[in-house]
Amino acid sequence: MAMTLNGPFTIRVLTAFIREELAKAGFSKAVLGLSGGLDSAVCAGLAARALGPKSVLALIMPYGTSFSADMDDAREAARAFKIRSLVIDIAPMVDAYFAAFPAGRSGWLRKSDHGRSTGRSSMRLGRDDGGSAGRVRIGNKMARERMSILYDVSAREKALILGTSNKTELLIGYGTIHGDMACAINPLGDLYKTQVRQLAAELGVPAKIRAKQPTAGLWAGQTDEGELGLTYAEIDKILYALVDERESRAEVIAGGFKKKAVDMIVARMKASEFKRQMPPVAKISSRTIGHDFLYPYDWDK
Amino acid sequence: MTPVLGDVRKNLELHLKTIDRARREKADLLVFPELSLTGYKLRDIVETVALDPERAREFRDLKTLSKDIGLVFGFVEERPSEKGMFYNAAAFLAGGRILHVHRKVFLPTFGMFEEMKFFAPGRNFRTFDTPWGKMGLMICRDFLHISAHYLLFAGGAETTLTISAAPGRGLSEHEGFTSSRMWELMGESMGRFAQAFVVYCNRVGFEDGVAFAGGSFVYTPMGESAGRAAYLEPALFVRDIDLRDVRKARKAWPFKRDDRPEVTLAALERIVHGYDA
């Protein structure tokens with residue numbers, strides 16, 4: 001299987017990437033959100049190797065006491081890589097918002113929607129969450145709350161934010177734009193979930209975290225594979241054929257994958273392209289950002 | 001080495017330091033990677049780092065140093081006679097003079113590459129005399145075209161020098177990028193079948209997240225490896241080569257003697273003119 005990677009070599013490339021990209025931007029420290037899951041644990045391990053454990057700060061940002069097992073796992077990952085960690089509860093910020101704008105409501109905001117806050121934290125995950133549309137709003141809000149905290153800490157600590165979205169998530173758009181997808185640099189973005197798992201073993205991510213079912217932590221009992229209806233192993237094989245091998249939809253199906261699964265993945269890739277690009281700028285002048293004003297990301301770095 | 005993107009002054013300093021080290025190693029000839037004076041992913045920066053080899057201060061400094069050591073490096077060329085024409089170029093300096101400037105012919109423009117958007121293409125592969133025999137220059141993608149190797153072979157090159165900024169792409173269970181194998185395969189084959197020394201210099205470091213693979217190498221006219229530098233690591237890679245090996249290889253297998261460039265030319269004429277038919 002061409003998705004097999006050489007662990008030590010891949011770690012060499014990714015740690016050099018973290019070190020050099022940070023140095024070029026004038027930074028020596030990194031900050032990242034640690035969820036207790038596989039991807040952020042791998043990213044933390046890479047950062048610790050690249051920069052030294054003292055130069056990495058992990059933010060553990062639970063929503064109240066829900067998912068306390070994940071918080072314990074996040075702490076264990078931080079301990080395993082000897083990096084600093086800080087727990088910040090996002091419940092007060094998220095609750096304050098949804099107390100004012102309940103997730104159970106939809107449609108245009110009206111004046112009367114505002115100011116319903118009773119001043120106490122009334123919203124709790126999984127209860128009065130407005131069904132699946134509301135759950136998505138809550139999940140996105142939480143992801144962006146964490147992003148907002150990461151950027152503030154990044155400025156305070158003079159540390160760049162490491163992204164933890166893997167290639168699988170990025171390709172199928174399984175992430176929140178301007179939320180968990182936001183970062184300064186992303187060492188994991190070209191590794192499928194299957195490959196992140198290979199790296200995790202190589203890096204020494206605690207076995208308990210490696211054995212966990214991947215979850216976005218949107219609600220109790222939620223798993224990525226349950227929500228997507230396919231295992232990561234299946235998704236990755238299909239994506240690898242479509243993206244890396246440049247096979248057509250028909251060729252992938254002929255290769256032995258279910259039509260429904262391939263179509264679902266192709267549809268998700270197309271529908272989420274907007275998450276992978278800068279928003280289009282309306283072109284009016286003769287030289288326009290995003291069209292013909294073309295500089296490298298590392299301009300003057 | 002890792003050039004600083006868009007900063008000719010800093011890169012010149014890097015060159016001077018490396019030249020110093022190479023001289024201490026008693027090297028006769030020092031080869032830098034592609035666009036070593038400017039960095040690779042320039043895009044719209046191209047016009048601000050372009051140099052005229054006849055007048056640029058950087059060339060004056062390097063020409064002076066070339067009295068003691070042969071130098072090959074990469075730069076963006078723009079001559080007063082061709083204003084607005086920017087070339088991805090390689091210069092060969094020795095004895096205080098510019099012996100040759102090669103302009104990259106094959107500018108990759110597909111997938112992650114966009115060189116044709118920013119550079120004008122070169123139009124020739126020409127060999128030239130040096131204190132170390134007849135040589136030919138190629139720049140990165142040129143090296144992957146068998147026609148480039150053939151023209152330098154037909155032109156009598158005893159050594160080909162290639163400067164490169166090749167990204168590492170593709171992983172496997174083995175160490176290194178899968179793309180590196182492609183370059184080594186060409187090096188080995190061309191050493192053996194063009195019966196010339198093949199010197200390939202590739203850069204390291206990252207630009208916009210892309211890792212340049214390093215792994216510079218030398219193959220002999222027998223197609224044997226004379227060593228390879230580590231992947232991804234900056235290195236001053238020094239090898240002694242015996243130029244008499246060209247004669248030795250060509251005595252054993254007279255590929256050069258038996259070559260028929262006039263047959264190639266006539267066949268090419270027919271192929272090229274047949275394009276419209």
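Here is a quick briefing on chain A, with strand S2(A) as the main topic. Keep in mind that this is a predicted model. The secondary structure of chain A adds up to twelve helices and four strands. With a radius of gyration of 20 Å, close to the 19 Å that the globule rule gives for 301 residues, chain A is as compact as a globular protein of that length.

**Overall build**
- The C-alpha trace of chain A spans about 55 × 55 × 50 Å along its principal axes.
- Buried residues make up 37% of the 301 in chain A.
- Take the contacts in chain A with a separation of 6 or more: 72% of them come from residues 24 or more positions apart.

**Strand S2(A)**
- S2(A) covers residues 56–60, and five of the five are buried, so this strand is largely enclosed by the rest of the structure.
- Val56(A), Ala58(A) and Ile60(A) point one way from S2(A), while Leu57(A) and Leu59(A) point the other way; all are buried.

**The S1(A) side**
- S1(A), residues 29–33, runs parallel to S2(A), and four bridges join the two.
- Getting from S1(A) to S2(A) takes the chain through helix H2(A), residues 38–51, in a right-handed β-α-β crossover.
- In this pairing, Leu32(A) sits opposite Ala58(A) of S2(A).

**The S3(A) side**
- S2(A) is also joined by four bridges to S3(A), residues 84–87, and these strands run parallel.
- Here Ile60(A) is the residue opposite Val87(A) in S3(A).
- Helix H3(A), residues 68–80, completes a right-handed β-α-β unit with S2(A) and S3(A).

Terms used
Residues are numbered from 1 along each chain as its sequence is written. Chains are lettered from A and ligands numbered from 1 in the order in which they are written. This is a predicted model: local features need pLDDT of at least 70, side-chain atom pairs count only at pLDDT 80 or more; totals for chains, interfaces and linings use all residues. A residue is buried if 20 or more other C-beta atoms lie within 10 Å of its own, exposed if 12 or fewer, and partly exposed in between; C-beta atoms are placed from the backbone. Two strands pair if DSSP finds at least two bridges between them. A crossover is right-handed if, with the strands pointing away from the viewer, the path from the first strand over the helix to the second runs clockwise. The radius of gyration is taken over C-alpha atoms; the globule rule is 2.2 Å times the number of residues to the power 0.38. Two residues are in contact if their C-beta atoms, placed from the backbone, lie within 7 Å.
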